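Thanks for asking me to look this one over. Here are my notes, in the order I would go through them with you at the screen.

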Amino acid sequence: MADKRITQLTASSGLVATDILPVVDDPGGTPVTQKATVQQVADAVQAIFDAVPTYDPAGSASTAQTAAEGASIASSVLASKGDLVVGDGNLGINYDNLAVGANGTIIMADSGETLGLKYVTFANDQAVLSSQVFG
């Protein structure tokens, strides 16, 4: 087996938790081939999914939620037509509602705002340059 490439090996007919898989650690830096069990891979994938907020149709009374506390995106966060869910830059763990803006407004980035975004109004006859909108 030492003289075969992974692509030349026979496919497994079924995996169990103790089976061993090859893993390349740090492929973008200094790659090192290591081993991991199927169970280790499954646990790592589950941890990734556990960190992602999910939609909760039942909702809750609180608007700001923290997925790390086991919360999901409450329906109250998206209570009005046009509402947006905005993350705080913490890997999607914390988020809040950016309520819909008034008619004729557009969203603009603003690091001074709590959510990092704000709605701005332009006069109907005012030209909007892409540098005004996108920096």
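The numbered points below go through a hairpin, a surface patch, a buried side chain and a salt bridge.

1. Before anything else, please keep in mind that this is a predicted model. All the distances and areas in my points are computed from that model.

2. Let's begin with the hairpin. Strand β1 covers residues 20–25 and strand β2 covers residues 32–37; the two pair in the antiparallel sense, with 6 bridges between them. If you want a place to check the register, L21 sits opposite A36 of β2. Between the strands of this hairpin there are 6 residues.

3. Which residue in that hairpin takes a positive phi? It is D26, found in the loop between β1 and β2. Its phi is about 60 degrees, although D26 is not a glycine. Most residues other than glycine have a negative phi, so this is a spot I would point out to any colleague reading the backbone. As for its surroundings, D26 has a relative accessible area of 39%, so it counts as partly exposed.

4. Next, the surface. V41, V45 and F49 form a nonpolar patch there, and together they offer about 260 Å² of accessible area. V45 belongs to helix α1, which spans residues 38–50. Is V45 buried, partly exposed or exposed? With a relative accessible area of 38%, V45 is partly exposed. Patch members need over 30% relative accessible area, so V45 passes that cut-off.

5. Now for a polar side chain with little accessible area. N97 lies in strand β7, residues 94–98. Its relative accessible area is 15%, and because buried means under 20%, N97 is classed as buried. What does the side chain of N97 contact? One partner is the side chain of D83, in a polar contact of 2.9 Å. The N97 side chain also reaches the backbone nitrogen of A99, at 2.8 Å. So this buried asparagine has polar partners on both a side chain and the backbone.

6. Last, the charged pair. How many salt bridges does the structure hold? The count is 1. D110 and K118 form a salt bridge, and their closest N and O atoms are 3.2 Å apart. D110 has 21% relative accessibility, and since the buried class ends under 20%, D110 counts as partly exposed. K118 is partly exposed as well, with a relative accessible area of 29%.

Conventions:
Residues numbered from 1 in each chain as written. Predicted model: local features only at pLDDT ≥ 70, side-chain atom pairs only at ≥ 80, totals over all residues. Heavy atoms only, no water. Patch = residues over 30% accessible without salt bridge, like charges linked within 9 Å, V, L, I, M, F, W, Y side chains within 5 Å. Areas by Shrake-Rupley, 256 points an atom, 1.4 Å probe, with all protein chains shown as cover. Salt bridge = Lys/Arg side-chain N within 4 Å of Asp/Glu carboxyl O. Helix = DSSP H or I, 4+ residues; strand = E, 2+ residues; numbered from the N terminus. Buried < 20%, exposed > 50% of the residue type's maximum accessible area, 1.4 Å probe, protein only. Pairing = 2+ DSSP bridges. Polar contact = N/O pair within 3.5 Å; in protein donor to acceptor, adjacent residues only side chain to side chain.
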